[in-house]
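The following report describes the architecture and the charged contacts of one protein chain. The sequence and the structure are shown first.

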Amino acid sequence: MTPPVPDQRTPRGQVRIVLVDDHAIVRHGLRSVLEREQDLHVVGEAATAAEAVDVVAAARPHVVLLDLKLSTGDNTEGLHLCGQLTELHPGLGVLVLTTFLDGGLVVEAIHRGARGYVVKDVDTTELVRSIRAVARRESSFDSRSAAAMVESMHSPSSDPRLTERELIVLRELAHGLSNRDIGAKLFISETTVKFHVRNIMRKLTATSRAEAVYEASKLHLI
């Protein structure tokens with residue numbers, strides 16, 4: 001489905017917003033809620049990463065509300081899009097709005113240039129406050145995302161809390177498979193494998209794949 005044509009007629013002083021979510025009903029609901037606020041104006045929508053790049057370039061928003069899970073079935077496409085948008089548009093504020101509450105994802109989103117991270121069941125008042133903060137080039141996190149981020153950043157290596165997918169990738173690393181081979185075996189892209197490997201290394205405080213496997217073996221993860 002083609003996203004709505006960007007609206008270029010935003011009155012001066014309003015916050016211009018682009019919604020990026022692969023579910024049309026979610027985008028329509030967000031638009032309805034946000035446009036009750038006099039200073040918030042949705043100027044475009046996108047369902048895919050490719051659409052988002054085009055819509056953001058055309059609409060010139062102040063803020064992008066970005067769901068991490070788009071068409072690939074995992075979080076990596078949204079993270080890559082976050083990095084791409086902030087690189088193409090340095091002044092752009094990306095606010096992640098997603099169902100996934102994981103400290104590692106919060107940290108990774110920040111590394112990719114996001115200014116904020118909130119979960120989708122946050123109340124409307126909190127969401128609006130976050131949008132306005134990001135538009136002012138401030139950071140904004142709901143309380144649970146902030147707590148998850150702090151916990152992730154301070155997790156000791158003895159408790160790496162690898163996800164189920166990361167454990168699967170880790171076992172394939174232990175078998176000596178390359179990123180390409182792991183991707184082919186698990187039916188995921190090589191880029192997705194790299195994302196998981198990077199998270200595994202970070203959580204295990206390892207500087208190489210071999211060290212990650214060694215640390216994992218000491219923790220009886222493999």
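## Helix, strands and charged pairs

In helix α1, the buried residues are Arg27, Leu30, Val33 and Leu34. Viewed down the axis of α1, these buried residues fall within an arc of 130°, so they line one face of the helix. The cover over the buried residues of α1 includes β1, β2, β3, β4 and α5. All of this refers to a predicted model.

Strand β1 (residues 15-20) and strand β2 run parallel and are joined by six bridges. Valine 20 has alanine 46 of β2 as its bridge partner. Between these strands the chain passes through helix α1 (residues 24-34), and the resulting β-α-β crossover is right-handed. Strand β2 (residues 40-46) is largely enclosed by the rest of the structure, because seven of its seven residues are buried. Histidine 41 is located in β2 and, at 17% relative accessibility, counts as buried, the cut-off for that class being under 20%. The C-alpha atoms of histidine 41 and valine 18 are 8.8 Å apart in space, while the two residues are 23 apart in sequence.

Further along the chain, strand β4 (residues 93-98) is joined to β5 by four bridges, and the two run parallel. Here leucine 97 is paired with valine 118 of β5 as its bridge partner. The unit made by β4, helix α4 (residues 103-111) and β5 is a right-handed β-α-β unit. Two bridges connect β5 with strand β6 (residues 140-141), again in a parallel arrangement, and tyrosine 117 has phenylalanine 141 of β6 as its bridge partner. The β-α-β unit of β5, helix α5 (residues 124-135) and β6 is left-handed. Strand β5 (residues 116-119) is covered on both faces, with Gly116 and Val118 buried on one side and Tyr117 and Val119 buried on the other.

Aspartate 67 lies in the loop between β3 (63-66) and α3 (76-88). An unreviewed UniProt entry lists Asp67 for "modified residue: 4-aspartylphosphate". In the model, aspartate 67 is buried, with a relative accessible area of 5%. Beyond its neighbours within four places in sequence, aspartate 67 is in contact with Val20, Asp21, Asp22, Gly78, Leu97, Thr98 and Lys120.

Side chains of opposite charge can pair when their charged atoms come close. The model contains 15 salt bridges, and three of the pairs are tabulated here.

| Pair | Closest N to O distance |
|---|---|
| Lysine 120 and aspartate 21 | 2.6 Å |
| Glutamate 108 and arginine 198 | 3.4 Å |
| Lysine 185 and glutamate 172 | 3.2 Å |

Lysine 120 lies in the loop between β5 and α5 and aspartate 21 in the loop between β1 and α1, so their salt bridge ties together parts that are 99 residues apart in sequence. Lysine 120 is partly exposed at 28% relative accessible area, whereas aspartate 21 is buried at 2%. Glutamate 108 belongs to helix α4 and arginine 198 to helix α9 (residues 190-203), so this pair ties together parts 90 residues apart in sequence. Glutamate 108 is buried, with a relative accessible area of 6%, and arginine 198 is partly exposed at 37%. Lysine 185 in helix α8 (residues 179-186) and glutamate 172 in helix α7 (residues 164-174) are 13 residues apart. Lysine 185 is partly exposed at 46%, while glutamate 172 counts as buried at 8% relative accessibility.

A network of salt bridges links Arg27, Arg31, Glu35 and Glu45. Within that network, Arg27 is one of the buried residues of α1.

Definitions and conventions
Residues numbered from 1 in each chain as written. Predicted model: local features only at pLDDT ≥ 70, side-chain atom pairs only at ≥ 80, totals over all residues. Heavy atoms only, no water. Buried < 20%, exposed > 50% of the residue type's maximum accessible area, 1.4 Å probe, protein only. Pairing = 2+ DSSP bridges. Right-handed = clockwise from strand over helix to strand, strands pointing away. UniProt positions renumbered as here; feature names shortened; annotations may be inferred. Contact = heavy atoms within 4.5 Å. Arc of directions from axis to C-beta. Salt bridge = Lys/Arg side-chain N within 4 Å of Asp/Glu carboxyl O.
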